[in-house]
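Here are some notes to read alongside the model, written as numbered points. Please keep the sequence and the structure open while going through them.

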Amino acid sequence: MTNDLEAIRKGKILMLAGTDLAGKDLAGADLAGADLSQANLSGANLAGANLQRAVLRANLRGADLTGADLRGADFRNADLRGAAFANALVRDASFGGAFLTGASIGNLDLSGVDFRCADLRGANLARAILYSADLSHANLSGADLSGADLEEAILNGAVLRGANLTGANLLCATIEQTVWDGALLDRACLQGTPLSL
């Protein structure tokens with residue numbers, strides 16, 4: 001497996017669907033465009049890896065994605081519980097239906113990211129840039145969105161029960177049928193948003 005791992009790190013093997021890479025060290029690997037669908041990457045070290053446009057509909061529970069390039073990656077329905085995203089590049093990625101409960105993705109530029117139907121319960125999205133992000137029908141119960149930029153974000157049908165939106169920017173966000181029960185909206189910018197609580 002050592003030789004295979006080296007070939008994977010160098011991007012020589014990109015068809016990795018269903019591969020068991022749990023706990024493997026793939027830090028700095030060049031996996032741009034790789035197919036990792038249904039792969040087991042739980043606990044894997046992908047810090048600094050190039051995963052642009054990669055298909056990562058996989059088990060990434062507890063994976064280290066610190067500083068990874070995830071732009072345009074497909075994480076739809078992936079298990080990302082406990083994954084680390086510090087300093088990752090995430091713009092235009094798709095997390096539709098992904099499990100991100102308790103994930104720490106604050107302070108990241110998540111502009112245009114697709115979070116439709118994602119499970120973000122208890123996630124840390126503090127100070128995240130979610131400009132034009134699609135959070136339709138996402139579950140953000142108990143999430144920390146304090147200071148987050150949600151300008152022009154789509155929150156139709158999202159659940160924000162008990163979420164912290166203190167100081168968040170919701171300028172011109174779309175909020176049809178959004179559930180706000182117990183959400184904290186102190187100092188939130190609601191201009192252009194038809195919010196009546």
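**Notes on the predicted model**

1. The protein chain, which is a predicted model, has 1 helix and 0 strands. Its radius of gyration is 17 Å, close to the 16 Å that the globule rule gives for 197 residues, so the chain is as compact as a globular protein of that length.

2. That value should be read together with the dimensions of the chain, since the C-alpha trace spans about 60 × 20 × 20 Å along its principal axes. How are the contacts spread along the sequence, and what share of those between residues at least 6 apart join residues at least 24 apart? The share is 0% in the protein chain.

3. Turning to burial and surface, buried residues make up 47% of the 197 residues in the protein chain. The accessible surface comes to about 8,400 Å², and carbon and sulfur atoms account for 45% of that surface.

4. The largest nonpolar core has 69 residues, and the members that touch the most other members are L41, L80, F95 and F115. For L41, once neighbours within four places in sequence are left aside, the residues in contact include the leucines L21, L26, L36, L46, L56 and L60, and they also include A22, A58, A63 and the asparagine N59.

5. Is D79, a residue in the segment after α1, buried or exposed? D79 has a relative accessibility of 13%, which is under the 20% cut-off, and it therefore counts as buried. The side chain of D79 makes a polar contact with the side chain of R81 at 2.7 Å. Apart from its neighbours within four places in sequence, D79 is in contact with A58, N59, L60, R61 and F99; of these residues, A58, N59 and L60 also appear among the contacts of L41.

6. N156 is likewise found in the segment after α1, the helix that covers residues 2-9. Which residues does N156 touch, if those up to four places away in sequence are not counted? They are S136 and H137, together with T174, I175, E176 and T178. Two of these deserve a second look in the structure. S136 lies 20 residues from N156 in sequence, while their C-alpha atoms are 4.8 Å apart in space. In the case of E176, the side chain of N156 reaches the backbone nitrogen of that residue at 2.9 Å.

Key
Residues numbered from 1 in each chain as written. Predicted model: local features only at pLDDT ≥ 70, side-chain atom pairs only at ≥ 80, totals over all residues. Heavy atoms only, no water. Core = buried A, V, L, I, M, F, W, Y, C linked by side-chain atoms within 4.5 Å. Buried < 20%, exposed > 50% of the residue type's maximum accessible area, 1.4 Å probe, protein only. Contact = heavy atoms within 4.5 Å. Helix = DSSP H or I, 4+ residues; strand = E, 2+ residues; numbered from the N terminus. Polar contact = N/O pair within 3.5 Å; in protein donor to acceptor, adjacent residues only side chain to side chain. Rg over C-alpha atoms; globule rule 2.2 N^0.38 Å. Areas by Shrake-Rupley, 256 points an atom, 1.4 Å probe, with all protein chains shown as cover.
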